[in-house]
Amino acid sequence: MKFNSSYIFVKRSIPLYFILLGIFVVASASTDHFFTSENILNVLVQLSPLLVVACGQTFVVLLQGIDISVGAVASLTTTVLALGSFEHFFGAWGPMFLIVVLGVAIGFLNGLMIYKGVTPIIMTLGSSVLVKGIALGLRPIPGGNVSFTIAEFFCKELGWIFSVPFLISITWFSILAFLLHFTRFGKYVYATGADRDVSNKAGINTMKITILAYILSSVSGVLAGLLLVGQIWSGDALIGEKLSLDSVTAVLVGGTTFEGGVGGLFGTLAGAFILSIMSNVLNMMNIFSYYQYVIKGLILIFSIFLSLRLSSRKEKSIR
Amino acid sequence: MKEWTPYILLGLLIAVLGIFSPSSMHISHLLTVLAQAAPLIIVAIGQSFVIFVGGIDLSVGSVISLANVLACSLISGDASRTGTTILICLAVGLAIGTVNGFAISYGFIPDFVMTLGMGAVIQGVTYIFTKGSPVGNVEGFLLTLANDRFLGIIPWSVIFVALVFALAFFMLNGTRYGRKLYATGGNATAAVLSGINVRLVKTIAYAISGVLSVTGGLLLSGFVRVASVGIGADYVLYSIAAVILGGASFAGGIGKLQNSIVGALTLVFLTNLLTILRVGQPGKFIVQGSVIIAIAYLYVTMKGENQ
């Protein structure tokens with residue numbers, strides 16, 4: 001029997017796309033400005049860092065893990081890019097090389113320690129504090145100048161609803177979706193997430209899979225940081241903090257569960273879109289940003305509540 | 001060996017502190033550090049209940065902030081309103097904790113998601129309540145509790161923490177509830193089969209965490225005197241780290257309350273040492289993060305040896 005994981009997980013996320021469509025229709029109907037090319041362009045630019053991080057986060061959550069450090073990694077990226085002196089020696093793209101290496105190193109450390117048995121949340125909270133310290137050391141207060149070439153590239157608008165940040169995020173999504181749903185590596189991620197011991201016995205190098213997943217997540221954080229640089233044109237050691245929990249929210253709303261091995265990137269795509277559009281619509285309806293915390297929290301709780309109610313695993317958890 | 005690790009770590013840390021700054025070994029300075037550690041210890045006790053039962057409470061930070069702004073605006077400089085305010089705040093904490101516990105044990109929402117979502121909701125409520133600019137200050141009892149000393153020697157906050165600890169210790173080690181809590185954390189299915197009302201046990205643990213977060217928040221308000229919306233944010237990491245530094249397992253059923261206190265003290269003394277060494281905030285974050293990771297890894301390797 002042919003096991004086609006991609007088909008199953010696209011199918012699983014179809015209801016989410018109907019919800020997304022519903023939100024889209026309601027949004028277009030209730031405010032005049034939602035369905036304009038300028039606003040859609042804006043939504044897609046705002047969405048891009050979240051989508052990028054959420055894609056990486058999906059791999060980690062599929063492994064029954066979590067990566068709280070991505071937000072700090074994104075912040076660190078902006079501070080490294082705003083290091084003027086570094087650029088002086090290595091050219092405009094020098095800092096990019098440095099930050100990618102740092103990102104891989106952080107992901108490697110996370111993955112290795114978590115494979116060795118450190119609880120994911122403790123490990124990534126720890127590395128998040130560590131990375132935040134480095135970022136604050138580089139730039140105690142927001143500021144500095146990012147190379148004009150880089151900043152301009154990461155915020156370029158390409159006409160109609162398209163922009164470089166959005167295209168980058170969609171490309172990153174496509175690459176990771178290909179990795180997860182069409183390669184052996186992806187199948188191993190699902191297998192390792194569902195049952196690590198069995199996967200080990202089946203000959204999967206679960207240590208490699210775990211480390212690679214956390215590296216992907218960390219590098220996603222770096223990419224999101226680059227996209228943030230396109231928005232703020234400077235370094236800010238705290239700018240990315242929100243991304244950690246927002247990305248987990250997007251992944252969970254997208255139907256990937258902490259039980260491991262269930263879910264996928266097509267759900268995450270819908271989850272990220274739902275969160276971004278909700279946020280945009282709430283802004284346009286002049287709902288004070290303070291209420292958005294409440295609404296976001298409730299969306300998280302209720303979407304998980306619903307997805308667990310609807311899932312076939314219900315009987316299992318009732319006992 | 002594993003049993004003594006938290007104490008050895010704390011001992012080493014205090015020894016290092018003594019070498020770098022002999023004057024800080026003075027008993028009155030140690031009592032001051034202990035007094036400063038009081039809010040964290042109280043929150044860590046609540047977090048211990050939740051982690052021992054196999055869960056996690058990520059809403060403690062927002063609850064502390066809410067308690068702080070609530071207390072400051074309700075008391076608002078009038079000491080006579082303290083009693084009512086404390087009761088209201090504790091009721092709010094009890095309600096939040098109960099909702100958390102109820103949803104987790106009955107509604108089948110994973111603990112992580114529920115308390116994360118609850119944290120976001122409470123944070124929003126705090127902002128809405130204060131409209132972003134919190135007002136008021138605490139007076140009277142809370143100030144006395146946080147800043148005054150019994151007979152001019154022992155801080156009241158230390159005595160208060162000792163009382164809370166004694167009560168919690170008795171609950172965990174001297175009552176049937178404590179035994180049920182460890183049984184539930186160790187193996188929920190076995191606990192159900194032996195007739196334990198697992199849902200009730202879990203709900204009570206989260207309720208305790210809610211109440212103790214508020215208690216910690218009130219005590220903290222006594223220290224800082226004024227309202228600040230983000231005051232509790234760091235307590236999520238620190239309370240969890242304290243319990244883990246104490247050697248508890250996230251799987252539940254394993255852990256000692258006294259070790260969590262030692263874990264909290266380790267964090268506080270570490271921060272104190274860094275301050276004495278004139279390490280700035282970035283350096284503190286770097287050291288704290290590294291220490292948390294290193295000790296968590298240390299426990300993992302020790303667990304491997306035992307097996």
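Buried means under 20% relative accessible area, exposed means over 50%, and partly exposed lies in between (1.4 Å probe, protein chains only). Keep that scale at hand for this tour.

This is a predicted model, in which local features need pLDDT of at least 70 and side-chain atom pairs count only at pLDDT 80 or more, while totals for chains, interfaces and linings use all residues. Residues are numbered from 1 along each chain as its sequence is written, chains are lettered from A and ligands numbered from 1 in the order in which they are written, and side-chain values use heavy atoms, with hydrogens and water left out.

**Stop 1: a lysine and its partner**

Select A:Lys132 to begin. With a relative accessible area of 17%, A:Lys132 is buried. Now add A:Glu241, which forms a salt bridge with A:Lys132, the closest N and O atoms being 3.4 Å apart. A salt bridge here is a side-chain nitrogen of Lys or Arg within 4 Å of a carboxyl oxygen of Asp or Glu. Because A:Glu241 lies in helix 13 of chain A and A:Lys132 in helix 7 (residues 120-138) of chain A, the pair ties together parts that are 109 residues apart in sequence. Helices (H or I, at least four residues) are DSSP runs, numbered from the N terminus. A:Glu241 has 40% relative accessibility, so this residue counts as partly exposed.

**Stop 2: two further salt bridges**

How many salt bridges does the structure hold over all chains? There are three over all chains.

For another, select A:Lys296 and A:Asp246, whose side chains meet in a salt bridge (3.5 Å, N to O). This pair links distant parts of the chain, 50 residues apart: A:Lys296 is in helix 15 (residues 289-310) of chain A, and A:Asp246 is in helix 13 of chain A. A:Asp246 is buried at 14% relative accessible area, whereas A:Lys296 is partly exposed at 28%.

Then move to chain B and pick B:Arg81 and B:Asp78, which form a salt bridge with the closest N and O atoms 4.0 Å apart. B:Arg81 counts as partly exposed at 37% relative accessibility, and B:Asp78 is partly exposed too, with a relative accessible area of 29%.

**Stop 3: two helices of chain A**

Return to chain A and colour helix 12 (residues 206-232). At 1.5 Å a residue (the expected span is 1.5 Å times one less than the number of residues), its 27 residues should span 39 Å, and the end C-alpha atoms are indeed 39 Å apart. Since 21 of those 27 residues are buried, helix 12 of chain A is largely enclosed by the rest of the structure. Step just past the helix to A:Trp233, whose phi is positive, near 60°.

Next, colour helix 14 (residues 265-284) of chain A. Its 20 residues should span 28 Å, which agrees with the 28 Å between its end C-alpha atoms. Here 15 of the 20 residues are buried, so helix 14 of chain A is also largely enclosed by the rest of the structure. Just after this helix, A:Asn286 takes a positive phi of about 60°.

Now look at the loop between helix 13 (241-253) and helix 14 of chain A, the place of A:Thr257. Is A:Thr257 buried or exposed? At 14% relative accessibility, A:Thr257 counts as buried. Leaving out residues up to four places away in sequence, A:Thr257 touches A:Val61 and A:Val262; contact means heavy atoms within 4.5 Å.

**Stop 4: a leucine in chain B**

Select B:Leu30, in helix 2 (residues 27-52) of chain B. B:Leu30 is partly exposed, with a relative accessible area of 21%. Not counting residues up to four places away in sequence, B:Leu30 touches B:Ser24, B:Met25 and B:Phe269. For a distance to try in the viewer, go from B:Leu30 to B:Gly255: the two are 225 residues apart in sequence and 26 Å apart in space, C-alpha to C-alpha.

**Stop 5: where the chains meet**

Finally, show both chains together. The contact takes 40 residues from chain B and 38 residues from chain A. About 3,400 Å² is buried between chain B and chain A, with carbon and sulfur atoms giving 85%; buried area is the accessible area (1.4 Å probe) that two parts lose on being put together, summed over both. Across this interface of chain B and chain A, the rule finds zero salt bridges.
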